[in-house]
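Visitor: I would like a close look at a single part of this protein, namely one helix and the way it packs. Please take me through it carefully and then place it among its surroundings.

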Amino acid sequence: LALDCGQAIPVDTCSPPIMAALCSPTLAVAAYRIATYKPLVGPLRLDVADTADGLQIAYQWPPDQQPPTLLAASELVFWVALARIATRHHVRPVNVTVPTLPPSPARLEEFFGARIRKGGTHTLTFSAADAARPTTANAHCITLGPARAVAARRARARAPPSQRGPL
């Protein structure tokens with residue numbers, strides 16, 4: 001279920017934070033943008049940092065409150081799905097940590113392309129190369145502007161695959 005929830009990012013999304021991320025020049029900029037606005041949609045904070053391992057995204061939940069396992073796993077899956085959609089590349093995190101290991105992590109690890117390790121927080125780390133990877137929607141957003149870019153993405157998503165053409 002965490003995989004289904006975390007990957008539920010429709011191509012024609014109108015969510016302002018997701019559009020801001022998809023229209024960012026790089027995955028790193030997208031992460032910083034979402035971190036800025038995440039507290040507006042829930043009682044949590046994202047700490048985004050450039051580390052020796054790459055771009056680290058760590059969830060900071062309210063003190064003395066652990067999120068439901070499904071919610072936390074869905075949030076981690078969301079980041080990897082967003083990275084793959086935004087860059088059109090099979091991005092794999094170099095590190096995934098959770099405070100409590102899931103009982104059967106095989107499907108999640110297969111999706112991430114990385115082992116899930118026990119750690120102090122729910123954290124994903126993308127390589128520096130992936131963090132610097134350009135998003136493919138950025139040029140489209142700059143050319144059309146956000147409102148027209150959304151309309152163009154919707155039209156492209158509804159078109160038969162043979163008529164979609166380049167992004």
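Guide: What follows begins with the whole chain, turns to helix α3 and its packing, and ends with a few single residues elsewhere.

This is a predicted model, in which local features need pLDDT of at least 70 and side-chain atom pairs count only at pLDDT 80 or more, while totals for chains, interfaces and linings use all residues. Residues are numbered from 1 along each chain as its sequence is written, and side-chain values use heavy atoms, with hydrogens and water left out.

The secondary structure comes to eight helices and five strands, where helices (H or I, at least four residues) and strands (E, at least two) are DSSP runs numbered from the N terminus. Read from the N terminus on, the elements follow the order α-α-α-β-β-α-β-α-β-β-α-α-α. The protein has 167 residues, of which 44% count as buried; here buried means under 20% relative accessible area, exposed over 50% and partly exposed in between, with a 1.4 Å probe and protein chains only. Taking contact to mean heavy atoms within 4.5 Å, residues 24 or more positions apart account for 61% of the contacts with a separation of 6 or more.

Two packed helices are described by the angle between their axes and the distance between the axes. Helix α3 (residues 27-37) packs against helix α4 (residues 69-87) at an angle of about 140 degrees, and their axes are 11 Å apart; the axes are lines fitted to C-alpha atoms, for helices over the stretch in contact, and angles run from 0 to 180 degrees between N-to-C directions. The two helices are therefore oblique to each other, given that angles under 35 degrees count as roughly parallel, over 145 as roughly antiparallel, 65 to 115 as roughly perpendicular and the rest as oblique. On the α3 side the contact is made by Leu27, Ala30, Ala31 and Ile34, and on the α4 side by Phe78, Trp79, Leu82 and Ala83. By class, this contact of α3 with α4 has eight nonpolar, no polar and no charged residues, with Ala, Val, Leu, Ile, Met, Phe, Trp, Tyr, Cys and Pro counted as nonpolar, Asp, Glu, Lys and Arg as charged, and the others, Gly among them, as polar.

The buried residues of α3 are Leu27, Ala28, Ala30, Ala31, Ile34 and Ala35. They cover an arc of only 160 degrees around the axis, which puts them on the same side of α3, the arc being that of the directions from the helix axis to the C-beta atoms. What covers these buried residues includes α2 (16-22), β1 (45-51), β2 (54-60), α4, β5 (123-126) and α6 (128-131).

Two of those covering strands deserve a residue each. In strand β5, Thr125 counts as buried at 1% relative accessibility, and, leaving aside its neighbours within four places in sequence, Thr125 is in contact with residues including Thr51, Leu55 and Pro93. In strand β2, Gln60 counts as partly exposed at 25% relative accessibility, and, with neighbours within four places in sequence again left aside, Gln60 is in contact with Leu44, Arg45, Asp47 and Thr121.

Most residues other than glycine have a negative phi. Asp64, in the loop between β2 and α4, has a positive phi near 60 degrees and is exposed, with a relative accessible area of 84%. Arg88, in the loop between α4 and β3 (95-98), has a positive phi of about 55 degrees and counts as partly exposed at 44% relative accessibility.
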